[in-house]
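Open the model in your viewer and keep the sequence panel beside it. The stops below give a selection and then say what is there.

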Amino acid sequence: MAKHHIDPADILPLAEYLKRRSAERTRISGVKRARRVEVGPFVTFYFECYDTMRHQVQEMVYIEKGGPEQVPGEIAAYDPLVP
C-alpha cells in the first residue's frame, strides 16, 4: 500500500542518510524519470509521489544541515504535494 503522508520517522538521521545517499539518489532519479510526461517542446508535466517528496525533505535537511528541528517545517512544505 502506498503511503500518502510523510512522517518525521520517515526521515533518516543525517549520519544514516549519508551512508545511503548515493544509492537513494540513483533510485529516485529512476522514479522521477518514470513520472515525467513531455507534452511538447516547451511543456513537461511532472507527477510527485511519496518517494519523491520524502527524498526532497531528506535532501533539504541534508543540504541545509538543520537537523531534526528542521524536519517538521520541511514536511509541512512538501507533504501537501504527496497525492
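Select Asp51 to begin: this residue is partly exposed, because its relative accessible area is 26%, between the limits of 20% for buried and 50% for exposed. Keep in mind throughout that the model is predicted. Salt bridges with shared partners place Asp51 in one network with Glu24, Arg27 and Arg54.

**The network around Asp51**

Add Arg27 to the selection. Arg27 and Asp51 form a salt bridge, and their closest N and O atoms are 3.6 Å apart. Arg27 belongs to helix α1 and Asp51 to helix α2, so this pair ties together parts that lie 24 residues apart in sequence. Is Arg27 buried or exposed? Neither label applies: Arg27 is partly exposed, with a relative accessible area of 37%.

Now select Arg54, in helix α2, which covers residues 50-64. Arg54 has a relative accessibility of 10% and therefore counts as buried. Show its surroundings, leaving out neighbours within four places in sequence: Arg54 is in contact with Ile6, Asp10, Ile11, Glu24 and Arg27. Two of these names, Glu24 and Arg27, also appear in the salt-bridge network that includes Arg54.

**Glu59 and its two arginines**

Move along to Glu59. Glu59 is buried, as its relative accessible area is 7%. Select Arg25 together with Glu59: their side chains meet in a salt bridge, at 3.6 Å from N to O. Arg25 lies in helix α1 and Glu59 in helix α2, so the bridge ties together parts that are 34 residues apart in sequence.

Next, swap Arg25 for Arg21. Arg21 and Glu59 form a salt bridge as well, with 2.9 Å between the closest N and O atoms. Here Arg21 sits in helix α1, residues 14-34, and Glu59 in helix α2, so parts that are 38 residues apart in sequence are tied together. Which side of the burial cut-off is Arg21 on? Arg21 counts as buried, because its relative accessibility is 18% and the cut-off is under 20%.

Go back to Arg25 for its surroundings. Arg25 is partly exposed, with a relative accessible area of 41%. Beyond neighbours within four places in sequence, Arg25 is in contact with His55 and Glu59. For a distance check, draw a line from the C-alpha atom of Arg25 to that of Glu64: the two are separated by 17 Å, and the residues are 39 apart along the chain.

The structure holds seven salt bridges; among them are Arg21 with Glu59, Arg25 with Glu59 and Arg27 with Asp51.

**The two helices as a pair**

Show α1 and α2 as cartoons and hide the rest. How do they pack? The angle between α1 and α2 is about 140°, and their axes are 10 Å apart. The two helices are therefore oblique to each other, since only angles over 145 degrees count as roughly antiparallel. The crossing in which α1 passes α2 is left-handed.

To see the contact, colour the residues that make it. From α1, select Leu14, Tyr17, Leu18, Arg21, Glu24, Arg25, Arg27, Ile28, Val31 and Lys32. From α2, select Asp51, Thr52, Arg54, His55, Gln58, Glu59 and Tyr62. Sorted by class, the contact of α1 with α2 has six nonpolar, three polar and eight charged residues.

**Lys65**

Select Lys65, in the loop between α2 and α3, the latter covering residues 71-78. Lys65 is exposed, with a relative accessible area of 52%. What is notable in its backbone is phi, which is near 55°, a positive value in a residue other than glycine. Most residues other than glycine have a negative phi.

**The whole chain**

Finally, clear the selection and display the full chain. The chain has three helices and two strands, and from the N terminus on its elements run α-β-β-α-α. The C-alpha trace spans about 40 × 30 × 25 Å along its principal axes. How much of the chain is buried? Of its 83 residues, 31% are buried. Taking contacts between residues at least 6 apart in sequence, 59% join residues at least 24 apart.

Conventions: Residues are numbered from 1 along each chain as its sequence is written. This is a predicted model: local features need pLDDT of at least 70, side-chain atom pairs count only at pLDDT 80 or more; totals for chains, interfaces and linings use all residues. Side-chain values use heavy atoms; hydrogens and water are left out. Helices (H or I, at least four residues) and strands (E, at least two) are DSSP runs, numbered from the N terminus. Buried means under 20% relative accessible area, exposed over 50%, partly exposed in between (1.4 Å probe, protein chains only). Contact means heavy atoms within 4.5 Å. A salt bridge is a side-chain nitrogen of Lys or Arg within 4 Å of a carboxyl oxygen of Asp or Glu. Axes are lines fitted to C-alpha atoms, for helices over the stretch in contact, and angles run from 0 to 180 degrees between N-to-C directions. Angles under 35 degrees count as roughly parallel, over 145 as roughly antiparallel, 65 to 115 as roughly perpendicular and the rest as oblique. A crossing is left-handed if the near helix is turned anticlockwise from the far one by less than a right angle, and right-handed if clockwise. Ala, Val, Leu, Ile, Met, Phe, Trp, Tyr, Cys and Pro count as nonpolar, Asp, Glu, Lys and Arg as charged, and the others, Gly among them, as polar.
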